[in-house]
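Visitor: Please choose one spot in this model and take me through it closely, then show me how it compares with its surroundings. I would like the cut-offs behind each term as you go.

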Amino acid sequence: MLRALLPFKIVSRQLLPDIQARYDVYPCDEQKGARGYINRASYEQSVHGSIACVKCHLGISGYPHGKVLKVNCGICHFIGREGAPKVQAQQYKLSVHGQAVAAGNTAAPTCQTCHGAHYIFRSTDARSETRRENIPALCSRCHPAEFEAYGKSIHGREFLERKNAAAPTCFDCHSEHMVPKTSEGPWMLSLISKCGTCHIEELSTYRKTYHGKITLIGYTNMAKCWDCHGAHTILPPGDPDSTLSQKNILSTCRKCHAHATAGFTKFYAHAEEGNRAKYPVLYYTYLFMTALLIGVFAFFFLHTFLWAFRALKERIEKKGGD
């Protein structure tokens, strides 16, 4: 009704912001095919659908408005203004992406890079760019090499080809908004535990090794999951291209142990002493050492008890003789 009474071409520059704020007029909606065209129906279905254009595009005072400045999402999100989620914005500010943008890197991703500009939908919506199944493709825009490697890995094949939603994506390891530098110690240590959320037994056996014990107390200069298995191109050990294949395992060990020999690779990184079928030598060694330990303690306990009994008996006899 309002459009019939106030045709687009006669809306004054002075009245536009007030009219748009009060009556929800979208001038750009009438320019289909033109640069800056906004589909009103799609926009209204987005999470910002109830927000007038001038709430984000602060520099607009009329139409035609010329060049539109890039929107700073932080004007609402960083402070939680008008109910906007703020934790994510604050995390982004501290992330490697946010710091790159603050340093003037124009190629670094902003909020719009991942979420879109006008058609922003919740991550549960099939149209959302941040929906779980869209995440690898989304990150590939800036990280094509990593995406290619991930696609070949056991994780990528499970997620992209077999549609296994439980398989890890970029966000599972690198986080969504608080994306850290991969050289940060705390992140590296936390990532070990993240790997353990899917590989529970492997984390448990890793923690029993020298590598696992040292990383557990906070040191990052020990072998971590990706040092052996790879970061993005993680393949089963049976795959010839795997970092743990018979062809590559020695070079993998030599990244830390420069003088490692072929015998060095026989080390059990995820040994299970209770698994007789898989690790028979370790199993029987474990039984022998456990029996030896118990036997030694039992012998000395008995020896100490008998020695104390004899000493007490002699003391009583000596006291009776006096």
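Guide: A polar contact is a pair of N or O atoms within 3.5 Å; within protein, one must be able to donate a hydrogen and the other to accept it, and residues adjacent in sequence count only if both atoms are side-chain atoms. Keep in mind that this is a predicted model, where local features need pLDDT of at least 70 and side-chain atom pairs count only at pLDDT 80 or more, while totals for chains, interfaces and linings use all residues. Residues are numbered from 1 along each chain as its sequence is written, and side-chain values use heavy atoms, with hydrogens and water left out.

Let's go to N248. A polar atom of the N248 side chain lies 2.9 Å from the backbone oxygen of S242. N248 sits in the loop that runs between helix 16 (225-229) and helix 17 (249-253); helices here are DSSP runs of H or I with at least four residues, strands are E runs of at least two, and both are numbered from the N terminus. Is N248 buried or exposed? N248 counts as buried because its relative accessibility is 18%, and buried means under 20% relative accessible area, exposed over 50%, and partly exposed in between (1.4 Å probe, protein chains only). Which residues does N248 meet once neighbours within four places in sequence are set aside? N248 is in contact (heavy atoms within 4.5 Å) with P240, D241, S242 and T243. S242 therefore appears both in that contact list and as the residue offering its backbone oxygen to the side chain of N248.

Now for the setting. The chain has 18 helices and 0 strands, and 25% of its 322 residues count as buried. Among contacts with a separation of 6 or more, 43% come from residues 24 or more positions apart.

Further along, A271 is another buried loop residue: its relative accessible area is 14%, and A271 lies between helix 17 and helix 18 (280-321). Leaving out residues up to four places away in sequence, A271 touches T205, Y279 and L282. The C-alpha atom of A271 is also 8.8 Å from that of E202, although the two residues are 69 apart along the chain.

Helix 16, which leads into the loop of N248, also helps to cover helix 13. The buried residues of helix 13 (residues 185-198) are W187, M188, L191, I192 and G196. What covers them includes helix 12, helix 14 (200-207) and helix 15 (210-216) along with helix 16.

For contrast, two loop residues are exposed. E82, in the loop between helix 5 (74-77) and helix 6, has a relative accessible area of 55% and a positive phi of about 55° although E82 is not a glycine. K163, in the loop between helix 11 (154-161) and helix 12 (170-174), has a relative accessible area of 65%. Phi of K163 is near 55°, a positive value in a residue other than glycine.

Back at our starting point, N248 is a buried loop residue, with its side chain 2.9 Å from the backbone oxygen of S242.
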